[in-house]
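Trainee: I'd like to learn how to read an interface and its cavities. Can you walk me through one?

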Amino acid sequence: MTNTLAPPAVARGAAVHIAGLVKHYGPVRAVDGVDLVIAPGEVVALLGPNGAGKSTTVDLLLGLITPDAGQVTIFGRTPREAVVAGAVGAMLQSGALRDNLTVAETVGEIAALHHRSGRLAEILAKADVADFARQKCSKLSGGQKQRVRFALALVSEPDLLLLDEPTVGMDVEVRRRFWASMRDYTVGGRTVIFATHYLDEAQEFADRVVFLRHGKVVADGGIAEIRAAASGRTVGVTVPGVTAAELAALPGVDTVDVREDRASLRCHDSDAALRAIFDRYRQAHDVEVTAAGLEEAFLTLTADEEPRP
Amino acid sequence: MNVRYLLLETKVVLRNSRFLVFTIGLPAVLFLIYLGLFGDQSFADGTPAAAALMVSMSGYGAMGAALNTGMGIALERGYGWLRQLRLTPMSGWTYLITKAVLAMLVGIPAIGLVSGLGAVVGGVHLDARQWLTVTVGVWLAVLPFALLGVAIGQYATPDSAQTMGAALMMVLGLAGGMWFPPEIVPAWMLHVMQATPSYWLRAVGLSAVGGGDAATGVAVLGAWAVAAALVATRRYRADLARA
């Protein structure tokens, strides 16, 4: 443990507090100095390419592996304490189901271990698995298996849910239903952290996105913030009789491309640029503001400066 | 230990058809076949063959049940179920202990069925103390196999666990004198047999009817149990350190 300082005031009431977290496997630094504070009620997407350290971070949060340095607290407790108290539930990425058990038996065993056997029927209904509760896990489709894993995560009614690639193997319709039941679950102010490859999921569901690359946090912010930070907005406007140099001098504008009278302005502050345009050029018309997609932001932020071996 | 979890696991094991066939059905059927062939004979030392066969087959079934249940750890690890269990309040040690207790529990049906057949159709007549030895005594003597299964289950992969389970049953059954009696083999082979824990499992049961050395049996089985527990513990600690 390199970090022996008490967490700052804001972190003491945090759902998750990660400080100086490091985990390496041989020469590979899977998690390489991550600091993160997540407030109760936040829905956070962990985004990043393969090998960015998402799954390792999730395992560290759950106490499934021990960090080489740094510390993790969940609601002020160690990960193991949080698990024992039922404060954290997780949907693990791989496997986790035994072929020869039925769905009800699978969830029933985990419920027994959490001393929640009385709630079994309720959990099965909530996770939308009651219809096939008597089937063996070996007979389930990929999407059904994911729902069973979701049921396992819900057993202890955790205040923090960790989901590692939760919708892998789900078709579009199942995915939609999954996120709907997830929304139901977070209505009461529960905290969710999910690792995902799907940018649209992060965009639609998360309040906040944390980009990981090579085990480090490379960007962290609200969806809008991240998008803006990565590429700002593009303003299209028709301004008869104006030169590119004049437009480039406006506040908030980075680069300008003019064809005929139509200008395309790449802006870091499109609001300031537009105010200036309407102030100075009464003839300006046909304004169009577009934000770069999260995909573009993601690619910009996580593109490697140098090719990896 | 979580009793409800233990009972749920017991139910899962006992309704597994493979388990029922190989650790309860097979020993019972073999017992009946052997009984038909040799049931009215006795060994040179006066031990009635029917009682000896009864002990061999109940011990064989219980041993198989215990070994395979412990080795189920490899399957649960392979499925990723162990990770799921680690997200519950149950500690890793409790998991291993529960597994060993489960392995002991599921050994009971084989002993019960074969002993029952012995009493009803095998013509085995024993007093209460003798019955206690061939049932409860044999059951307790299965403990090293339960622990051995837990130890091996932590090393094996899902595939190797299946193969090793079957191979171990074969070797321990044959070399332990459960499939053919040590009373009739040459001296050198007897020495080989005495190196196996299954030979001593049978000996504990046979001591009830005068044909086995219970004291040595308990000592040897005790040593196997301690050794298996140490291996299981060591492996578990090493796993923890790696994480």
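Trainee: How many residues does each chain bring to the contact?

Mentor: Contact here means heavy atoms within 4.5 Å. By that rule, chain B brings 23 residues and chain A brings 31 residues. Bear in mind that this is a predicted model, where local features need pLDDT of at least 70 and side-chain atom pairs count only at pLDDT 80 or more, while totals for chains, interfaces and linings use all residues. Residues are numbered from 1 along each chain as its sequence is written, chains are lettered from A in the order in which they are written, and side-chain values use heavy atoms, with hydrogens and water left out.

Trainee: And what area is buried between chain B and chain A?

Mentor: The size of an interface is often given as the accessible area lost when the parts come together. Here that buried area (1.4 Å probe, summed over both parts) is about 2700 Å², with 54% from carbon and sulfur atoms. On the chain B side, Tyr79(B), Trp81(B) and Leu87(B) supply 27% of the area that chain B buries, more than any other three residues.

Trainee: How many salt bridges does the rule find across the interface?

Mentor: The rule asks for a side-chain nitrogen of Lys or Arg within 4 Å of a carboxyl oxygen of Asp or Glu. It finds 5 between chain B and chain A. Take a look at Arg98(A) and Glu9(B), whose side chains meet in a salt bridge at 3.1 Å, N to O.

Trainee: Which element of chain B gives the most to the side that touches chain A?

Mentor: Helices are DSSP runs (H or I, at least four residues) and strands are too (E, at least two), numbered from the N terminus. α1 (3-14), α3 (49-79) and α4 (81-85) of chain B each supply at least two residues, and α1(B) gives the most, with 6 residues.

Trainee: Now the cavities. How many are there of 30 Å³ or more?

Mentor: Rolling a probe the size of a water molecule over the atoms shows where empty space is left. A cavity is a set of points on a 1 Å grid over the protein atoms alone where a 1.4 Å probe fits but cannot get out, and lining residues have an atom within 4 Å of a point. The count comes to 2. The largest holds about 70 Å³, and its lining includes His114(A), Gln84(B) and Leu87(B). β5(A) gives the most to that lining, with 3 residues.

Trainee: What lines the second largest cavity?

Mentor: Tyr5(B), Glu9(B), Tyr95(B), Thr98(B), Lys99(B) and Leu102(B) do, around about 30 Å³ of space. The largest share, 4 residues, comes from α5(B).

Definitions and conventions
Buried area is the accessible area (1.4 Å probe) that two parts lose on being put together, summed over both. On a 1 Å grid over the protein atoms alone, a cavity is a set of points where a 1.4 Å probe fits but cannot get out, and a pocket is an open set with protein on both sides within 12 Å along at least five of seven lines; lining residues have an atom within 4 Å of a point. Grid points are joined across faces, edges and corners, and a volume is the space filled by probe spheres set on the points.
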